[in-house]
Amino acid sequence: MDDSGQVVPSADGGVSSLPPEIWRVVAEQILGQNTLRALVQVCRLFRDIFRPFLHRKFSIDLGRHEPTAWEQKTLPVCLRYAKDFEVIINEFRDSERQSGAYYNIDLNDGYAAFVTRALKAMPNLHSLRWLNSSLGEDYDSCLILSNAELLATAKSCPNLQHLFIQFTNVFLDDPVNALKCNTSLKGFKTLASLELFQFYGKEPELIDNMANILRDCPGLKRLGLGLAREFDCDQIPEILVATGDCDFLEKLCLKYGTSSSPLALETLRLGHGMFVYKPKSPSTGNYLSKLVKFWDIKTLHIYNGLVHETDDWDFEPVPMQVQWNFFTECASLCQLSVTRLDKKLRRWLNTSGKSVQELLITEHYSMYDNALGNFDILELPQLSMLFTREMTISEHPNTRGWRGINSDTREQIYVDKYRITTLDRIPDNIANLTRLGLCIELENQWVSS
């Protein structure tokens with residue numbers, strides 16, 4: 001033991017004689033908490049090395065208790081090691097949900113006080129995640145994050161690098177009450193990662209707020225944005241309602257670009273309401289280029305699902321008209337995550353997106369969806385990972401067969417669509433795949449011989 005009370009490596013030639021730096025590298029690769037707990041109990045050296053990694057993440061669900069119960073809890077001493085802090089707000093107790101705490105807006109300051117106390121006990125905090133998925137139509141719990149002391153404490157964290165906020169659940173219920181779904185971001189500086197989803201408010205104020213924090217964080221490498229939007233929930237999947245101007249992203253890019261240089265992002269995530277549509281004026285050109293340097297982007301996530309463009313939902317939803325040509329300069333793009341593989345996206349991938357190695361398509365397809373034809377002529381020579389979802393539906397007795405090419409004989413083949421998968425469709429059956437994501441329903445998609 002040295003003068004500081006820390007255990008130093010022994011010279012007996014055992015594993016504990018390795019420098020602590022080597023063991024910290026090992027600890028970074030360990031994901032299981034049980035493994036770390038076992039290592040902490042091996043010896044005093046391992047206790048000193050591995051304990052910070054055991055307690056690097058602290059997560060709380062505020063809705064489990066009322067503020068008075070939280071305040072009575074003694075914060076664990078291990079919070080001084082915490083680097084990741086996650087605050088979750090799920091459903092509060094009501095007539096249908098019999099667990100957790102009852103909620104009213106008067107409890108907000110109490111909840112904020114407890115979170116503030118926890119933040120002050122985390123001198124090494126690097127990441128703050130705020131996940132509010134409560135379903136209350138009044139959106140009052142969103143105001144917890146507007147508490148002045150809580151915000152000031154979070155903004156003063158000296159090592160904070162990553163900020164993720166989900167203000168509410170996915171579906172917008174009441175546009176008036178939803179004006180509470182935002183908070184003041186001024187004061188967060190030197191962030192490397194900023195993700196803000198399901199926010200809502202008065203558009204001019206939101207744009208000013210977000211343009212300012214982006215200017216204050218010129219070193220951003222990861223940016224995610226998504227508005228709370230109305231959905232037609234009678235459809236499967238739910239259809240986003242895209243009425244009105246739909247130009248929030250364009251306005252934000254132009255506002256930011258008036259006095260700042262494009263961000264050298266490595267990851268860009270554009271969620272609901274971030275419509276990459278044609279500019280309102282042809283003279284504007286590629287407004288996204290004012291926000292981001294395309295050649296640095298390695299990961300791109302875009303919501304491009306079907307939308308209602310009118311208030312009459314009886315009309316069939318239409319594909320979102322994403323301007324994929326805006327991303328022509330993404331020469332370093334490795335991962336692309338989208339909602340659907342539509343014709344415009346497939347054309348862009350076959351011309352400007354050939355660098356893509358990982359393709360994730362999140363919407364469920366039925367085997368008879370006409371959009372699946374885009375997989376038939378998809379050309380991604382470097383594709384090594386594919387994620388898709390296909391719904392199980394009944395066989396259509398009179399459907400036209402699927403036409404493909406036998407990879408060995410190069411002859412045309414005809415197969416009932418009910419019997420094929422996305423893998424059958426892609427040319428050469430994706431010979432370079434090293435990872436494959438499968439969503440299997442064990443009740444009807446798993447057959448044992």
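The following numbered points comment on one helix, two backbone positions and the strand pairings of this predicted model.

1. Helix α7, which covers residues 203-216, is made up of 14 residues, and the distance from its first C-alpha to its last is 20 Å, close to the 20 Å expected at 1.5 Å a residue.

2. The buried residues of α7 are L206, I207, N209, M210, A211, I213 and L214. When reading that list against the structure, it helps to recall that an α-helix has 3.6 residues a turn, so residues three or four places apart point the same way. As for what covers these buried residues of α7, the elements include β5 (193-199), β6 (222-227) and α8 (248-257).

3. Two backbone positions deserve a look, given that most residues other than glycine have a negative phi. T190, in the loop between β4 (162-166) and β5, has a phi near 55 degrees, which is a positive value in a residue other than glycine. C246, in the loop between β8 (239-241) and α8, likewise has a positive phi, near 55 degrees, and is not a glycine.

4. Are these two positions buried or exposed? T190 counts as exposed because its relative accessible area is 54%, and the cut-off for that label is over 50%. C246 counts as buried because its relative accessible area is 10%, where the cut-off is under 20%.

5. Strand β6, already mentioned as part of the cover over the buried residues of α7, runs parallel to strand β9 (residues 267-270), and four bridges join the two. Within β9, the residue that L225 stands opposite is L270.

6. Strand β9 is also joined by four bridges to strand β10 (residues 299-302), and these two strands run parallel. Here L268 has L300 in β10 as its bridge partner. For anyone following side chains along these strands, the general rule is that in a regular strand they alternate between the two faces of the sheet.

7. A further set of four strands forms an open sheet, with the order β7-β8-β11-β12 and mixed pairing. Its edge strands are β7 (231-232) and β12 (318-319), each of which pairs on one side only.

8. Inside that order, β8 and strand β11 (residues 306-308) run parallel and are joined by two bridges, with L240 standing opposite V307 in β11. Strand β8 also borders the loop that holds C246, since that loop lies between β8 and α8, and C246 itself is buried.

Key
Residues numbered from 1 in each chain as written. Predicted model: local features only at pLDDT ≥ 70, side-chain atom pairs only at ≥ 80, totals over all residues. Heavy atoms only, no water. Expected span 1.5 Å × (residues − 1). Buried < 20%, exposed > 50% of the residue type's maximum accessible area, 1.4 Å probe, protein only. Contact = heavy atoms within 4.5 Å. Pairing = 2+ DSSP bridges.
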